[in-house]
Amino acid sequence: MDRRVLATAIAMAVIGSCLTACGKDPEASPSPATSISTATTPTPTTETPSATPTPSEDPFFTEAKAVHLKYLEQVVALEKAGGAETLPDSMRVLVGGPFSKELQDMYAEFHRQGIRMSGSSAWKLASVWKTPAVAGNSVGLGACVDFRAVRYTKTGTTEVSKGTWRRDDLQLSKKGSNLIIVSGSSKQVDRCAR
């Protein structure tokens, strides 16, 4: 099984298990390994690194940072909406290749299981860095995102799962004139470090 597909499958298993079998103690429940949302366009609660280039910054990396910020906004919107049978156009313009299919499968599972982000959609992009481009892609991007203020619920249950730190490792390529995310992973981490 492809490593990225496995990461997505693990993420859904963690989310499902924490919302169905984690017991009544929200502090004891594991956090989702992957986060994505749909209903609103939330803004970070604290200052987030901008996509503004520094004089020596690679233009692809500057564009990749802007794409990643838009992607995070769409993740939060999809998760607040409780997933979706199909990815909205606002997400599909940001992703492609195998990554698009993985997201589609994951958010269809959110929808099927009744999992949604509830309450606060506060998040913070703690850090972002350039990584090597692989497999002919244009640029790689790593990021650490703080989703600890977020909570997840499941329809028909009273269990609540806490958000966590999330590490994104993404590869982006040009599609026409746009840079899109074509592969990568998002995983739960205990703390944010490169």
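This briefing covers the nonpolar core, the two sheets and the aromatic pairs of the structure above. The model is predicted. Its largest nonpolar core has 35 residues. One open sheet has four strands in the order S2-S3-S6-S7, and another has three in the order S1-S4-S5. Helix H4 packs on the four-stranded sheet, and helix H2 packs on the sheet that holds S1 and S4.

**Nonpolar core**

- Within the core of 35 residues, those with the most contacts inside it are Tyr71, Val95, Leu103 and Leu172.
- Two helices, H2 (59-80) and H4 (97-113), are among the elements that give two or more residues to this core.
- The strands that do so are S1 (115-118), S2 (124-131), S3 (139-146), S6 (165-175) and S7 (178-189).
- H2 supplies the largest share of the core, with nine residues.
- As a general background, nonpolar side chains in soluble globular proteins tend to be buried together.

**Four-stranded sheet**

- The sheet S2-S3-S6-S7 is open, and its pairing is antiparallel.
- S2 and S7 are the edge strands; each has a single partner strand, so one side of each is left without a neighbour in the sheet.
- On average, neighbouring strands here are turned by 20 degrees against each other, direction ignored.
- S3 and S6 run antiparallel and are joined by eight bridges; Gly142 stands opposite Asp169 in S6.
- H4 touches S6 and S7 as it packs on this sheet, and its direction makes about 50 degrees with that of S7.

**The S6-S7 hairpin**

- S6 and S7 are antiparallel and joined by 11 bridges.
- Lys174 has Leu179 in S7 as its bridge partner.
- The hairpin has two residues between the strands, and Gly176 takes a positive phi near 65 degrees in it.
- Nine of the 12 residues of S7 are buried, so S7 is largely enclosed by the rest of the structure.

**Three-stranded sheet**

- The sheet S1-S4-S5 is also open, and its strands pair in antiparallel fashion.
- S1 and S5 (160-162) stand at the edges, each with a single partner strand, so each has one side without a neighbour in the sheet.
- From one strand to the next, the twist averages 35 degrees.
- Four bridges connect S1 with S4 (residues 151-154), and the two strands run antiparallel.
- The bridge partner of Arg116 in S4 is Thr153.
- H2 packs on this sheet through contacts with S1 and S4; the direction of H2 makes about 110 degrees with that of S1.

**Aromatic pairs**

- The count of aromatic pairs is three.
- The ring centres of Tyr71 and Phe99 lie 5.9 Å apart with the planes at 50 degrees, so this pair is tilted; a tilted pair is one that is neither under 30 degrees (stacked) nor over 60 (edge-to-face).
- Tyr71 belongs to H2 and Phe99 to H4, so the pair links distant parts of the chain, 28 residues apart.
- Tyr71 and Phe99 are both buried, and Tyr71 is also one of the residues with the most contacts inside the core.
- Tyr107 and Phe110 form another tilted pair, at 5.1 Å centre to centre and 50 degrees between the planes.
- Tyr107 and Phe110 are three residues apart in H4, and are therefore separated by about one helical turn.
- Tyr107 is buried, with a relative accessible area of 0%; Phe110 is likewise buried, at 0%.

Key
Residues are numbered from 1 along each chain as its sequence is written. This is a predicted model: local features need pLDDT of at least 70, side-chain atom pairs count only at pLDDT 80 or more; totals for chains, interfaces and linings use all residues. Side-chain values use heavy atoms; hydrogens and water are left out. A nonpolar core is a set of buried Ala, Val, Leu, Ile, Met, Phe, Trp, Tyr and Cys residues joined through side-chain atoms within 4.5 Å. Buried means under 20% relative accessible area, exposed over 50%, partly exposed in between (1.4 Å probe, protein chains only). Two strands pair if DSSP finds at least two bridges between them. Axes are lines fitted to C-alpha atoms, for helices over the stretch in contact, and angles run from 0 to 180 degrees between N-to-C directions. Contact means heavy atoms within 4.5 Å. Rings of Phe, Tyr and Trp (its six-membered ring) pair if their centres lie within 6.5 Å; planes under 30 degrees apart count as stacked, over 60 as edge-to-face and the rest as tilted.
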